[in-house]
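Biologist: I would like to learn how to read a model like this one. Could you walk me through a few features?

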Amino acid sequence: MEAIGVLMTFPISTYLEQELDKRFKLFRYWKFPLKIEFLRENSSSIRAIVGTGRVGGGADTELINSLPRLEIVASHSVGLDKIDLVKCKEKGIRVTYTPDVLTEEVADLAIGLILSTLRRICECDRYLRSGLWKKGAFKLTTKFSGKSVGIVGLGRIGSAIAKRAEAFGCPISYYSRSEKSDSKYKYYPNVIDLASNSQILIVACPLNDETHHIINREVISALGPKGVLINIGRGPLVDEPELVSALVEGRLGGAGLDVFEHEPRVPGQLFGLDNVVLLPHVGTATMETRKAMADLVIGNLEAHFLNRPLLTPVV
Ligand code: NAP
């Protein structure tokens, strides 16, 4: 029987590569500098894409169109902004993703970002390492417990963050497209009102045409000079130049960012600011969670090629 060709777009993990190698004919797309030649030689044997939410790791229109036998895109992410879902639907290509298994991890990191931004944990560490402690105590910082928390996108991750913030005694409110009838948290029908009534604003919604730059100048102004923005969603949810100028000019109190508008590029002006904490998109980056995500990708591919129901289909 002909081996099933699977195209992996990005070096996601050695474990995933090994497991795919055992089951399929795996093509490591990033290892082929001449993409056109690679596709000319191999496109007719590729029936699946394994992609990710990283830049260059998705399945765009061009790639989908160049694979005539493509049946499924199995994304190693819950965010689907790097996949042309419309094209997949049009061509009858199935799409799967990795919800739930990463929710707790990303929510933990969001709390970590809040604490590190407010309590200046990274700056404290730098202070001690550079020998400054001997010269005097570190400056006073700001408390997290009890601060009002606003969440943009009360989905799986947003709800897990809310649960954790509740344990810190924080009043929670949120904005989503619709009010959640089963939620005890206060709903605001627009982001500006949510930001005006929050001391910490957390961005946890998907990136799409509607949410691009959902955090703009007006939202940042509403959050104000004592407010803190936390972004664990996607970089382009925030108007980055506006965020940078608000931070530089003191119109926003601080920011904790796991994601950026043009990853892996990060605006240089942020490096000079102590009221920001900058992480290299590591929301799901633990061994446990990445293995669970990889297992779900494999489970979805196996289900598809054995004609069984997909484990986590997008649609
Ligand atoms: P989810 O369960 O689908 O939740 C998304 C939430 O956003 C829902 O509450 C949805 O509520 C809301 N939403 C959707 N469209 C919206 C819009 N136009 N305006 C306002 N709210 C909107 O997804 P999830 O599993 O929590 O993941 C959320 C996102 O986190 C992912 O899409 C991904 O981009 C990001 N993420 C980042 C990392 C990382 O490493 N930093 C890791 C995993 C995920 P309504 O339907 O009521 O609007």
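Biologist: Is phenylalanine 32 buried, partly exposed or exposed?

Modeller: First, some ground rules: this is a predicted model, where local features need pLDDT of at least 70, side-chain atom pairs count only at pLDDT 80 or more, and totals for chains, interfaces and linings use all residues. Residues are numbered from 1 along each chain as its sequence is written, and side-chain values use heavy atoms, leaving out hydrogens and water. Buried means under 20% relative accessible area, exposed over 50%, and partly exposed in between (1.4 Å probe, protein chains only). Phenylalanine 32, at 32%, is partly exposed.

Biologist: Which aromatic pair does phenylalanine 32 form?

Modeller: Rings of Phe, Tyr and Trp (its six-membered ring) pair if their centres lie within 6.5 Å; planes under 30 degrees apart are stacked, over 60 edge-to-face, and the rest tilted. The structure has seven such pairs. In one of them, phenylalanine 32 meets phenylalanine 38 in a tilted arrangement, with 4.3 Å between centres and 35° between planes. Phenylalanine 38 is buried, at 2%. Both belong to an aromatic cluster with Phe27 and Tyr29.

Biologist: How many disulfides are there?

Modeller: A disulfide is a covalent bond between the sulfur atoms of two cysteines. The test is a pair of cysteine sulfur atoms within 2.5 Å, and the count here is zero. Cysteine 88 is buried at 0%, and cysteine 205 is buried at 10%.

Biologist: What lies 2.8 Å from a nitrogen atom of the ligand?

Modeller: Look for polar contacts, pairs of N or O atoms within 3.5 Å. Here a polar side-chain atom of glutamate 210 sits at that distance of 2.8 Å.

Definitions and conventions: A polar contact is a pair of N or O atoms within 3.5 Å; within protein, one must be able to donate a hydrogen and the other to accept it, and residues adjacent in sequence count only if both atoms are side-chain atoms.
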